[in-house]
Every structure is written in structure tokens, then in C-alpha cells.
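Subject: Handing over a structure, with notes

Dear colleague,

I am passing this structure on to you, and below it you will find notes on what came out of it. Please keep the structure open while you read.

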Amino acid sequence: AKRLTVPALRARKGADAEPLVMITAYTARMAQLLDPHCDVLLVGDSLAQVIYGLPSTVPVTLEMMAAHGAAVVRGSDHALVAIDMPFGSYEASPAQAFESAARLLKETGAAAVKLEGGEAMAPTVRFLTERGIPVIGHVGLTPQAVNLLGGYGARGRSEVEAAKIVADGVAIAEAGAFMVVIEGVLEPIAIEVTDRVACPTIGIGASARCDGQVLVGEDMLGLFDRTARFVKRYEDLAGRISAAVEAYAGEVRSRAFPAAEHLYQPRV
Ligand code: KIV
Ligand code: NA
């Protein structure tokens, strides 16, 4: 199969286009399972909490993103794979961002990067795009800024903040981003950004009017224990894992496992 391309995805804009399906993936096997159903697999820096038990995405390194990015590329052949640029790998300058993004693409085979931020990051988005690196923006609730924001509550409750988020989304899109993720904002903000930018918007806690949606795979599958309002659980994998492991533990303790079919005997 041929992978979806940046131009093909960028064209999926507006009420008449088919909404874009994005899910996070961090491992090869999960990527394999999600790939047939997705347009974009996002190797999110949310792997901090979901995979590594870290308190925020701030400690994530380029090495971690490269390792998981390569695994997701190996596990997929249909969706476009995009990798989050981790905190500290791109903010200092466009040149720093290019070096980090190029390394991610070269070491993984992924086609695009995502970075957080608005107007301040617009020159960086332009710098990368003009040099052949497709960029997905991310505005609104930007988890890498948790130390500044003080938490993960919805953004844009004041008029000033709402206007700033709209300006951020527009600036990133005009700088050349081929998609913009809008996270955790009052719905009218997501609708206004969606109406004002030429590229698809991808919502998470944003609006069904966005041009696509993204969720963390482990969240929608009920595998992770955090529950934001914007997560819909389509499965209870945590419950199913607990039940399966309880059954295994019981059979080990009763010697019901292993049974004859799991064992090797000498040939007679
Ligand atoms: O890291 C992540 O999972 C993300 C998405 C939720 C947009 O950035
Ligand atoms: Na992220």
C-alpha cells in the first residue's frame, strides 16, 4: 500500500471533505492495529505519561521520540506518520528546530513533525516548511507549556485569550502548516480557527466542526487511567487486562496452566 501524502491530507478541508482520522501510536503493534482505520498516526509526546509514567511531557527527549517514531513507521504502511517535537528541541531558533526535525525524519522514516505554539513559532514553521519538512501546528491547550499555564484546563475563557488562540492558529496556518491541532478550547474558538485557515484543523476537546479529530489511543481504548472530558472511551481494555491476568494467576496457582497442549514431550 502507498502511504497517504501531505498534499492529499492538506486537501481534506471543509464541510464537504471527509473528516480526517488521527490517533496516537507509540509502538509497532499498536500502529499495525490502528493503521487501516487512520489517516494520520501521531507519535505524540503524550508517551511521557502513557508509556513512561512521567508527570508531564516536559522531560521527553528527541531520542525517545525517534525510537518510538521508528517503531510506528515499521508497524504501518497506510497512514501518514507524524512525530511530536519534544519540549526543548525546537523553541530556541528555527535552526535548532530544523536540526531536530531533520534528525527525526532521517532516523524514523516519518513524513512530518508536530510542534506546539502560535505566533511565536510561525517563523519556525515557515523555516521548516520552506526546507522540505511538513509541519503540523498545535494551539490552544499546549501541554508542553504546563509550567506556564498551571494545569490542563480548557483555554480561551477570557476574550483576550480567545482572540490570542485564534491569532495563533491563523499565524501557524499562514506560515505553512499543513494541519493545525486545536486542543482544549471553548468550541467557538475552534470553529473560528477552522473557518479562517486554509488547512485542515484537527480537534481534541475542540469541535466536531474541525476538519478531523485526534485522540490518544490508550485513552479511547480505556487503557490509561486519566480521563479528560474530551476523551470518549470506546473500549475498557484496562478491565479486560485485569480479568485476563486474574485468570492466568489463578491457573498458575491451581496448576491448571500449563496444560498438555502448551508443553513439549520427547518423541517416542
Ligand atoms: O501528544 C499527543 O498525544 C498530542 C495529541 C493529543 C494531539 O499532542
Ligand atoms: Na503532544
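I begin with helix 11, which covers residues 237-254: because a helix is expected to advance 1.5 Å a residue, its 18 residues should span 26 Å, and the C-alpha atoms at its ends are indeed 26 Å apart, in agreement with that expectation. Helix 11 is hardly covered by the rest of the model, since the count of buried residues among its 18 residues is zero.

Please bear in mind throughout that this is a predicted model. The mean pLDDT of the protein is 97, with 100% of its residues at 70 or more, and for the complex the predictor reports an ipTM of 0.99 together with a pTM of 0.97.

The segment after helix 11

Two features of the backbone deserve a look here. R255, which lies in the segment after helix 11, has a positive phi near 65° although it is a residue other than glycine. As a general matter, most residues other than glycine have a negative phi, and most peptide bonds are trans. R255 is also exposed, because 8 other C-beta atoms lie within 10 Å of its own, where a count of 12 or fewer is the condition for that label. P258 belongs to the segment after helix 11 as well, and the peptide bond that joins F257 to P258 is cis, with omega at about 0°.

The surroundings of ligand 1

Which residues are found around ligand 1? They are T24, L42, G44, D45, S46, D84, H138, V181, E183, I204, V214 and V216. Sorted by character, the residues of this shell divide into five nonpolar, four polar and three charged.

Positions annotated in UniProt

An unreviewed UniProt entry carries the annotation "active site" for E183, a residue that the model places in strand 6, residues 179-183. E183 counts as buried because it has 23 C-beta neighbours inside 10 Å, and 20 or more are required. When its neighbours within four places in sequence are left aside, E183 is in contact with H138, G140, L141, I204, G205 and A206; H138 and I204 are also listed among the residues around ligand 1.

The unreviewed entry in UniProt further lists D45, S46, D84 and K114 under "binding site". Although these positions are spread over 70 residues of sequence, they cluster in space, the largest C-alpha distance being 12.5 Å.

Two of these positions can be described in more detail, beginning with D45, which lies in the loop between strand 2 (40-43) and helix 3 (47-50). Is D45 buried or exposed? D45 is buried, because 30 other C-beta atoms lie within 10 Å. Its contacts, apart from neighbours within four places in sequence, are T57, V60, M65, D84 and P86.

D84, for its part, lies in strand 3, residues 80-84, and is likewise buried, because 29 other C-beta atoms are found within 10 Å. With neighbours within four places in sequence again set aside, D84 is in contact with V43, G44, D45, M65 and K114, so that D45 and K114, both listed by UniProt under "binding site", appear among the contacts of D84. M65 is a contact of D45 and also a contact of D84.

With best wishes,
A colleague

How values were computed:
Residues are numbered from 1 along each chain as its sequence is written. Chains are lettered from A and ligands numbered from 1 in the order in which they are written. This is a predicted model: local features need pLDDT of at least 70, side-chain atom pairs count only at pLDDT 80 or more; totals for chains, interfaces and linings use all residues. Helices (H or I, at least four residues) and strands (E, at least two) are DSSP runs, numbered from the N terminus. The expected span of a helix is 1.5 Å times one less than its number of residues. pLDDT is the predictor's confidence in each residue, from 0 to 100. A residue is near a molecule or strand if its C-beta atom, placed from the backbone, lies within 6 Å of it. Ala, Val, Leu, Ile, Met, Phe, Trp, Tyr, Cys and Pro count as nonpolar, Asp, Glu, Lys and Arg as charged, and the others, Gly among them, as polar. UniProt positions are given in the numbering used here, feature names are shortened, and annotations may be inferred rather than shown by experiment. Two residues are in contact if their C-beta atoms, placed from the backbone, lie within 7 Å.
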